Every structure is written in structure tokens, then in C-alpha cells.
Amino acid sequence: MAGDQKAKAKAEQAKGKLKETMGRAVGNEKMEAEGRMEGARGDARQAKEKAKDTFKH
């Protein structure tokens, strides 16, 4: 399960970065902000998984 969550975090980070870049390229501030938010959500998920791994071992 943890591997699945880690993959989900990476996917969210990548999707957020792509959306942020596209928003910046076309001048769409809303899309850029949504991308930053998705990236942050992915960062938070990844941090949670790393913390779980730390306490697991």
C-alpha cells in the first residue's frame, strides 16, 4: 500500500508541475495556482509516507 501511495504522490507532483508550467506559458493564473496546489498536495502525501516509513523501521 505504501508503494501505491508513494507513486500517487509522485504522479500528483508531476501533474501539478505540468499544470503550473502550462498555466504560466499561456498566462492562465488560475491554472498556474491549481498546479501549485496539486504539487503541494503531492509533496504533503510524500512527506506523510516518508514519516510512516521512518516510524516503521
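In which helix does A44 lie? A44 lies in helix α2. The views below come from a predicted model.

**View 1. The whole chain: two helices and zero strands.**
The secondary structure of the chain comes to two helices, with zero strands. Along its principal axes, the C-alpha trace spans about 45 × 15 × 10 Å. The radius of gyration of the chain is 13 Å, where a compact globule of 57 residues would have a value near 10 Å. Of the 57 residues, 26% count as buried. Contacts with a separation of 6 or more are half long-range in this sense: 50% of them join residues 24 or more positions apart.

**View 2. The surface and the charges of the chain.**
About 4,200 Å² of the chain is exposed, and carbon and sulfur atoms supply 60% of that area. The side chains include 15 positive and 10 negative ones. The centres of these two sets lie 4 Å apart.

**View 3. Helix α1, residues 2-26.**
Helix α1 has 25 residues. At 1.5 Å a residue they should span 36 Å, and the end C-alpha atoms are 36 Å apart, so the two values agree. Buried in α1 are Q5, A9, E12, Q13, G16, E20 and G23. These buried residues pack against α2, residues 29-56. After α1 comes G27, with a positive phi near 80°.

**View 4. A2 and A14 along the chain.**
A2 lies in helix α1. Its relative accessible area is 21%, and because buried means under 20%, A2 counts as partly exposed. A14 is 12 residues from A2 along the chain. The C-alpha atoms of A2 and A14 are separated by 18 Å.

**View 5. Q13, a buried residue of α1.**
Q13 is found in helix α1. Its relative accessible area is 17%. Buried means under 20%, so Q13 is buried. Which residues does Q13 contact, leaving aside its neighbours within four places in sequence? They are G39, G42, D43 and Q46. Two of these contacts, G39 and G42, are themselves listed among the buried residues of α2.

**View 6. G16 against G35.**
G16 lies in helix α1. G16 is buried, with a relative accessible area of 0%. How far apart are the C-alpha atoms of G16 and G35? They are separated by 4.0 Å, although the two residues are 19 residues apart along the chain. Not counting residues up to four places away in sequence, G16 touches G35, R36, E38 and G39. Among these, G35, E38 and G39 are buried in α2. G39 is also in contact with Q13.

**View 7. Helix α2 and its buried residues.**
Helix α2 has 28 residues. From its first C-alpha to its last, α2 reaches 41 Å. That is close to the 40 Å expected at 1.5 Å a residue. Which residues are buried in α2? They are E32, G35, E38, G39, G42, R45, E49 and D53. What covers them includes α1. The buried residues of α1, in turn, pack against α2.

**View 8. R41 in α2, seen with G16.**
R41 is found in helix α2. With a relative accessible area of 43%, R41 is partly exposed. G16, by contrast, is buried at 0%. R41 and G16 are 25 residues apart along the chain. Their C-alpha atoms are separated by 8.8 Å.

**View 9. A44 in α2, seen with E29.**
A44, in helix α2, has a relative accessible area of 47%. Exposed means over 50%, so A44 is partly exposed. E29 is 15 residues from A44 along the chain. The C-alpha atoms of A44 and E29 are separated by 22 Å.

Definitions and conventions
Residues are numbered from 1 along each chain as its sequence is written. This is a predicted model: local features need pLDDT of at least 70, side-chain atom pairs count only at pLDDT 80 or more; totals for chains, interfaces and linings use all residues. Side-chain values use heavy atoms; hydrogens and water are left out. Helices (H or I, at least four residues) and strands (E, at least two) are DSSP runs, numbered from the N terminus. The expected span of a helix is 1.5 Å times one less than its number of residues. Buried means under 20% relative accessible area, exposed over 50%, partly exposed in between (1.4 Å probe, protein chains only). Contact means heavy atoms within 4.5 Å. The radius of gyration is taken over C-alpha atoms; the globule rule is 2.2 Å times the number of residues to the power 0.38. Accessible areas come from the Shrake-Rupley method with a 1.4 Å probe; for residues, only the protein chains shown count as cover. Lys and Arg count as positive and Asp and Glu as negative; His and the chain ends are not counted. The place of a charge is taken as NZ of Lys, CZ of Arg, CG of Asp or CD of Glu.
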